[in-house]
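Trainee: Could you take me through a close look at a single part of this protein? I would like to hear about the aromatic rings.

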Amino acid sequence: LEIQSIEVSGVKTPRALVDKEIVGKKIHIRNPAIQIIYTGEGKDSGRVVPDEEIYKQILGDLNKIQVDTVEISGASIITKTLKTGKENIRLKNASIRLMDVAVDSVASKDDSRLVFSKQIFLSAEKVSWTSDDNLYNFVSDSIVINTSDRSASAKDFLIKPTLGEDAFVKKLRAQDDRFDFSFGRIAIHNLDVPALFNERVTADSIHIRSASLNIYRDLSIPRDKRSRVGLYPHQMLEKIPVPVTIKKIVLPGAFVEYKERNPRTTRAGKVQFHNTYTTLTNVTNDKNAIKKDNILSVIVNTRFMNMTPLRVAWQFYLAHPKGRFDVKGDLGSIRFTDVNVITEPMGPARLEEGKLNDFQFSLAGSDYNMNGTVKMLYEDLKVSILEREEGTKKLDKKNVASIAANIIIKNSNPEKKKDDPKIITVQLERDTNRSIFYFVWKSLFKGIKETVGIKK
């Protein structure tokens, strides 16, 4: 700890001399440089109850310390690991203001006080750290915590890859997603700050005004053989080492893009979701809270490819031994030709004609199985099968295969206006090497294939 200056004002000197009481107006600590080094040795001091009460240790031979304001300004805080020397977290230009501070036997029993003060205001210009594999930088700007109105906020929070797409992929040993996330104007309401100091996260709501989520995957990289069982979102929530209870999280205007490079075409397709309004309710891993309500609900309203509305509703069953979840969705009408930006690089296939009128699904999943129904209403479907021209990225039509495909597939559902539409019952066993989103997509794709008449 290095401190540039300490200013103490308004101290009542006679009381310090006669009554052993330090009573003053303000203590101002300017521009301290603080390093916190984790040794990894011994017990966690934060969890060890001292033999003597903390306020007595602070007082020493004094009877009382009382200060109107304790202010720390311009602080630089760095945490490091002793064995590796690696910097973990860096706080730039941090400020802490403690109001109505009192250290004595009476104040120590006052439950309304936190860190011996009636009110705490914390802020930091920037908090940053790097992932252990050095592939990501995490940065948050303009962080503020105020105990008086139980609020916290941040200008933004960024998850930024340290390398471009191609360089990132070259660093990977096995196929993985590259994330580039940005969250703006984050506000936390009714935050229980005393609980936060005791390693519990409790709040009424988190509101994230804007968000951009970009995900990239290169399928040319070999996959690992690791099982993903137990890694559904609600199962990961349960693994967080501190209790979390947030009644609601709202993201009102997010942009989401999933970009995938197909080694067969050497091209990347993009699936985009615009103006995505997402609400999560009952986000918790607290066992007592789960006993009262074990459903984590996620409602997503978005525009698929910015062309047609899509609504998806998830229900995750918290603490369920088999990882149960339900997902339902409804996609509006769209011309098939409008999705060729996806099907050509990812398929590879081109949708030449037709229109999707409605798409609905209802699925129930667990760690190993999925079942449900898929209803796809469409008309005048015609496709072309493509192949990449050798030595180029150009995709050419495979004439024979395309003719065969159009003979096999059913070009409408229902086939005749007077017919009832075909609804496909889906049953699928999970590939445990894959994520929940892949599992849902494979179930939907199985329903789509059978609807158009493809059994293999």
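Mentor: Happy to; here is a walk through the aromatic pairs, with a little on burial and the overall fold. This is a predicted model, in which local features need pLDDT of at least 70 and side-chain atom pairs count only at pLDDT 80 or more, while totals for chains, interfaces and linings use all residues. Residues are numbered from 1 along each chain as its sequence is written, and side-chain values use heavy atoms, with hydrogens and water left out.

The structure holds 16 aromatic pairs (rings of Phe, Tyr and Trp, the last by its six-membered ring, with centres within 6.5 Å; planes under 30 degrees apart are stacked, over 60 edge-to-face, the rest tilted). Take W129 and F138: their ring centres lie 5.3 Å apart and their planes meet at 10°, so this pair is stacked. W129 is partly exposed because its relative accessibility is 30%, whereas F138, at 17%, counts as buried (buried is under 20% relative accessible area, exposed over 50%, partly exposed in between, with a 1.4 Å probe and protein chains only).

W314 and F316 also form a stacked pair, 5.5 Å centre to centre with 10° between the planes. Here W314 is buried at 11%, and F316 is buried at 5%.

Back at W129 and F138, ring pairs link these two with Y136, F157, F168, F179, F181 and F183 into a cluster.

For the setting, 40% of the protein's 456 residues count as buried, and its C-alpha atoms fill a box of roughly 100 × 50 × 40 Å along the principal axes.
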